[in-house]
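Trainee: I am new to this structure. Please take me through the terms and show what earns each label.

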Amino acid sequence: MTIKEIQIKPWGNSQGIELSNEMLAQIGIDDIEHQCVTVEVKDNSLILKKADEKSRLMRRFGCLIDEKRVDEFSFGKPLGNEII
């Protein structure tokens with residue numbers, strides 16, 4: 001377990017903290033740019049965890065899944081090179 005004091009800094013209209021790559025690697029985050037985490041507030045503590053892959057995909061594509069979803073979509077008659 002790593003315990004480190006980190007300063008909270010202004011970030012736009014919010015506050016932010018910087019986490020080292022070493023600390024993120026300890027929870028399995030190495031592709032920092034495309035990784036998501038979950039943050040939980042419990043007993044006056046923030047709990048930061050790597051989000052599971054399924055929830056990451058759902059966040060990316062969940063907006064495409066709703067009750068009004070159509071299984072097929074017609075783009076009209078084939079034209080040009082797509083005619084087989």
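Mentor: Start with a definition: strands are DSSP runs of E with at least two residues, numbered from the N terminus. A nonpolar patch is made of nonpolar side chains within 5 Å of each other, in residues with over 30% relative accessible area and no salt bridge. Keep in mind that the model is predicted.

Trainee: What elements does the protein chain have, and in what order do they run?

Mentor: The protein chain has two helices and four strands. Starting at the N terminus, the order is β-β-α-β-β-α.

Trainee: Which strands each supply at least two residues of the nonpolar patch?

Mentor: Strand 3 (37-42) and strand 4 (45-50) each do so. Strand 3 gives the largest share, three residues.

Trainee: Which residues make the nonpolar surface patch?

Mentor: The patch is made by Ile8, Ile17, Leu19, Ile27, Val37, Val39, Val41, Leu46 and Leu48, and its area is about 810 Å².

Trainee: Why is valine 41 called exposed?

Mentor: The relative accessibility of valine 41 is 67%. Exposed means over 50%, so valine 41 counts as exposed. Valine 41 lies in strand 3.

Trainee: Why does isoleucine 8 count as exposed?

Mentor: Isoleucine 8 has a relative accessible area of 56%. The cut-off is over 50%, so isoleucine 8 is exposed. Isoleucine 8 sits in the segment before strand 1 (9-11).

Trainee: How much of the protein chain is buried?

Mentor: Buried residues make up 8% of its 84 residues. A residue is put in that class if its relative accessible area is under 20%.

Trainee: What makes the contact of lysine 9 and glutamate 18 a salt bridge?

Mentor: The distance between their side chains is 3.7 Å, N to O. A salt bridge needs a side-chain nitrogen of Lys or Arg within 4 Å of a carboxyl oxygen of Asp or Glu, so the label applies. The count by this rule is one salt bridge.

Trainee: Why do the two partners get separate exposure labels?

Mentor: Lysine 9 has 37% relative accessibility and is called partly exposed, because that label covers values between under 20% and over 50%. Glutamate 18 has 58%, and over 50% means exposed, so glutamate 18 counts as exposed.

Trainee: Where is glutamate 18 found, and what is said of its distances to isoleucine 6 and isoleucine 8?

Mentor: Glutamate 18 is in the loop between strand 2 and helix 1. Isoleucine 6 is twelve residues from glutamate 18 in sequence, and their C-alpha atoms are 7.3 Å apart. For isoleucine 8 and glutamate 18, ten residues apart along the chain, the C-alpha separation is 8.1 Å.

Trainee: How do you know that strand 3 and strand 4 pair?

Mentor: The two strands share six bridges, in the antiparallel sense. Pairing asks for at least two bridges, so strand 3 and strand 4 qualify. Among the bridge partners, valine 39 is matched with leucine 48 in strand 4, and lysine 42 with serine 45 in strand 4.

Trainee: What is found between the strands of this hairpin?

Mentor: The hairpin of strand 3 and strand 4 has two residues between the strands. Aspartate 43 is in that loop, as is asparagine 44. Phi of aspartate 43 is near 50 degrees, which is positive in a residue other than glycine. Asparagine 44 has a positive phi too, near 60 degrees, and is likewise a residue other than glycine.

Trainee: Why are aspartate 43 and asparagine 44 called exposed?

Mentor: The relative accessible area is 69% for aspartate 43 and 84% for asparagine 44. The label needs over 50%, so aspartate 43 is exposed and so is asparagine 44.

Trainee: What is the volume of the largest pocket, and which residues are closest to its centre?

Mentor: The largest pocket holds about 790 Å³ of space. It is lined by 24 residues, and Ile6, Ile17, Leu19, Leu24 and Leu48 are the closest to its centre.

Trainee: Which elements each supply at least two residues of that lining?

Mentor: Strand 2 (14-16), helix 1 (21-26), strand 3 and strand 4 each do. Strand 4 gives the most, with four residues.

Definitions and conventions: Residues numbered from 1 in each chain as written. Predicted model: local features only at pLDDT ≥ 70, side-chain atom pairs only at ≥ 80, totals over all residues. Heavy atoms only, no water. Buried < 20%, exposed > 50% of the residue type's maximum accessible area, 1.4 Å probe, protein only. Patch = residues over 30% accessible without salt bridge, like charges linked within 9 Å, V, L, I, M, F, W, Y side chains within 5 Å. Areas by Shrake-Rupley, 256 points an atom, 1.4 Å probe, with all protein chains shown as cover. 1 Å grid on protein atoms, 1.4 Å probe; cavity = no way out; pocket = protein on both sides within 12 Å on 5 of 7 lines; lining within 4 Å. Points joined across faces, edges and corners; volume = space filled by probe spheres on them.
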